[in-house]
Every structure is written in C-alpha cells, then in structure tokens.
Amino acid sequence: MPGIEVETGSPEETEALAGRLATRLAPGDVVLVSGELGAGKTTFVRGACRALGVTARVTSPTFTIGHRYAGSPDVSHIDLYRFRGLSAAEWGDLEPYFEAAIVFVEWPEAGAETLPPERAHVRLEHLSPDRRAVRVDAAERALLQALTGADPGLRHGD
Ligand code: ADP
Ligand code: MG
C-alpha cells in the first residue's frame, strides 16, 4: 500500500497534519491510529477534530470505548486498548459510532477482523521529546499527496 512518512516537531505540527487528512475524509471513513503511549495518537485525533469544526475538548476515551463529537461531519474517537478482539455484542455497541461520522480508532489491533476497511492507517513513533515520525498508509495516492504538498515545515521521505 502506498505510504508517506513525515516528521513533526511539535504537537501543533501533528495536529496540522491530521487536519489536512481530515478535511479530505467523508462520513463512514475509518482511520486507524497506531503508536505507543504518548506517541501522539490523541493529539492527531484532536487536530482532525479541530479541522472538522469540533469545539468540544478532545481527550483519550479512557473510561469508555469511544467519544462522538459534533462537527462537520461528526467525528467518532474509539479506543480499543482494553480489547483483544471484538465480539458481536461489542461490535453492536460500536456500530452507532460509525454511522454518519468519520471514525478514528486508537489501538486498532483488536478490531482487525471486525472494523470496516480503513481509508488510512497512521503510525506515530517517538524520535525525541518533541519530534515524531508519522507514517500514513492509504490506497489512494491523491490522499497522501494532499498531506505533504502544503507545509514546508514538514519533510517527507518515501
Ligand atoms: P497517545 O494518545 O499516543 O498516548 P497523546 O497525544 O495523548 O499520545 O500525547 C502525546 C504527548 O506528546 C502530548 O503531551 C503532546 O503534547 C506531546 N508531543 C510532543 N511533541 C509532539 C509531536 N511532535 N506530535 C504529537 N505530540 C507531541
Ligand atoms: Mg491516546
């Protein structure tokens, strides 16, 4: 699958990158967001939410499986950290988050066999306290090109 890798030097740069992706998405689209604790997954989702007009505070859905934020369109933020797989009942609980919303999934591994196919997969990695490597894989090259075209502050590799 085609992919791009950029480095961000601040949370704001990660949010801006997420915003460029988010504005090209449509309701029903699913974006997987991977990376260890503190890598910037929630920061990325926050940037996407802001770009989609969400004004609510965006935090990790630690004590619930997900949040749904009112935006244009709505944005769902799901966290599967505590799951190993998804039973039919658990998927039933999740399904409303996917209706008429763009969906970001942190710790998506447990959903590998259950979630709808993703439009993009974002992988964040620590490089230093303020730098992150952000890899975005997506089947559509046009979506990836939109991410790297604009910001000269972002370097892009392969
Ligand atoms: P996760 O959801 O992956 O556990 P968070 O987004 O909650 O991670 O936390 C990432 C932390 O790293 C935040 O405190 C954020 O301010 C900080 N940070 C520093 N540099 C960056 C960067 N370049 N991109 C994203 N977050 C960064
Ligand atoms: Mg998080």
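In the predicted model, Ala39 is in contact with Leu124, His126 and Arg132 once its neighbours within four places in sequence are left aside. Ala39 is placed in the loop that lies between β2 (30–34) and α2 (41–51), and, because its relative accessibility of 1% falls under the 20% limit, the residue counts as buried. Ala39 and Ala100, which are 61 residues apart in sequence, have C-alpha atoms 28 Å apart in space.

The magnesium ion (ligand 2) has as its protein donors Thr42 through OG1, Ser60 through OG and Glu106 through OE, at 2.2 to 2.5 Å from the ion. The spacing of these donor residues along the sequence follows the pattern T-x17-S-x45-E. Since Thr42 belongs to helix α2 and Glu106 to strand β5 (residues 101–106), this pair ties together parts that are 64 residues apart in sequence. Thr42 counts as buried, with a relative accessibility of 13%, and Glu106 likewise counts as buried, with a value of 2%.

Helix packing was examined for α1 (residues 11–22) and α4 (residues 141–148), which pack at an angle of about 145° with their axes 9 Å apart. The crossing in which α1 passes α4 is right-handed. On the side of α1 the contact is made by Leu17, Arg20 and Leu21, and on the side of α4 by Leu143, Ala146 and Leu147. By residue class, the contact of α1 with α4 comprises five nonpolar residues and one charged residue, with no polar residue taking part.

Methods. Residues are numbered from 1 along each chain as its sequence is written. Chains are lettered from A and ligands numbered from 1 in the order in which they are written. This is a predicted model: local features need pLDDT of at least 70, side-chain atom pairs count only at pLDDT 80 or more; totals for chains, interfaces and linings use all residues. Side-chain values use heavy atoms; hydrogens and water are left out. Axes are lines fitted to C-alpha atoms, for helices over the stretch in contact, and angles run from 0 to 180 degrees between N-to-C directions. Helices (H or I, at least four residues) and strands (E, at least two) are DSSP runs, numbered from the N terminus. A crossing is left-handed if the near helix is turned anticlockwise from the far one by less than a right angle, and right-handed if clockwise. Contact means heavy atoms within 4.5 Å. Ala, Val, Leu, Ile, Met, Phe, Trp, Tyr, Cys and Pro count as nonpolar, Asp, Glu, Lys and Arg as charged, and the others, Gly among them, as polar. Buried means under 20% relative accessible area, exposed over 50%, partly exposed in between (1.4 Å probe, protein chains only). Donors are N, O and S atoms within 2.8 Å of the metal (3.2 Å for Na, K and Ca); water is not among the atoms, so sites may look incomplete.
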